[in-house]
Amino acid sequence: MNIQLPPEKDLWALAEEEFPDPKVRVRYQCMNKALLSASPSVTSDYVLVVSYYAQYSFLACWRPGDLGWTDIDINNPDGVSSGQFYCVTYAGEIWSFGVPGPSIPQSIVVKATRLGSTKNRIFQDTRYLVELVDALLIIFRFRDADEESYFETVETSKFESFEIDVDKFELKEINSLGDYAIFVGLNGAICIDSSK
């Protein structure tokens, strides 16, 4: 199935306000992730959210029938998970947001709700959002570094995993994934049932 999206150049143009110099935007731009709220082969009532990078990270959304991309104003998102949309910022804040589907006869109004902030963790290098069965997890990767060597290439020292309670705005540390395994990469993480 092909989805006819607005031009890619229009997506990059959303970053113009932050970075008016096109040479700077082009040098650093890449698409991190794209998520659908529902399968387009099942319904036309879905939303596409993309996470993209143009010197900083940005979020945008699109619904069938929209003529262009809509900016989602959450400062520096770092990862996104599907369903109800979630992201984690570079500061470690976890945000939840929803976008009205195309069957709702109103313009898109994206409202972000701050779910909570993770502990201030020095040298926490990367944060990943990943779905595990019916739970949403945040995984922190740490590097062995001090303030002087932080920007040098250093090995990962440990990972910490937390389940996000989106109702109570709390994090609960977890030490076992049961029969599941999580694979992490540069731009995201996936969870698989390792018993299969």
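**Close-up 1. The Arg63–Asp66 salt bridge in the predicted model.** The side chains of Arg63 and Asp66 meet here, at 3.5 Å from N to O. Both partners, Arg63 and Asp66, are buried. This pair belongs to a set: a search of the whole structure finds 3 salt bridges. The other views of charged pairs follow.

**Close-up 2. The Glu160–Lys158 salt bridge.** The closest N and O atoms of Glu160 and Lys158 lie 3.0 Å apart. Glu160 has a relative accessible area of 15%. That value is under 20%, so Glu160 counts as buried. Lys158 is partly exposed, at 40% relative accessibility.

**Close-up 3. The Lys9–Asp10 salt bridge.** The side chains of Lys9 and Asp10 meet at 3.3 Å, N to O. Lys9 has a relative accessible area of 61% and is exposed. Asp10, at 27%, is partly exposed.

**Close-up 4. The largest nonpolar core.** This core has 12 residues. Aromatic side chains are represented by Phe85, Trp95 and Phe97. Leu35, Leu59, Ile72 and Ile74 are also among the members. So are Val47, Val49 and Val99. Cys61 and Cys87 belong to the core as well. Strand 3 (56-62), strand 6 (85-89) and strand 7 (93-98) each supply at least two of the core residues.

**Close-up 5. A second nonpolar core.** This core is separate from the largest one and has 11 residues. Among them are Trp12, Val50, Phe58 and Trp69.

Notes. Residues numbered from 1 in each chain as written. Predicted model: local features only at pLDDT ≥ 70, side-chain atom pairs only at ≥ 80, totals over all residues. Heavy atoms only, no water. Core = buried A, V, L, I, M, F, W, Y, C linked by side-chain atoms within 4.5 Å. Buried < 20%, exposed > 50% of the residue type's maximum accessible area, 1.4 Å probe, protein only. Helix = DSSP H or I, 4+ residues; strand = E, 2+ residues; numbered from the N terminus. Salt bridge = Lys/Arg side-chain N within 4 Å of Asp/Glu carboxyl O.
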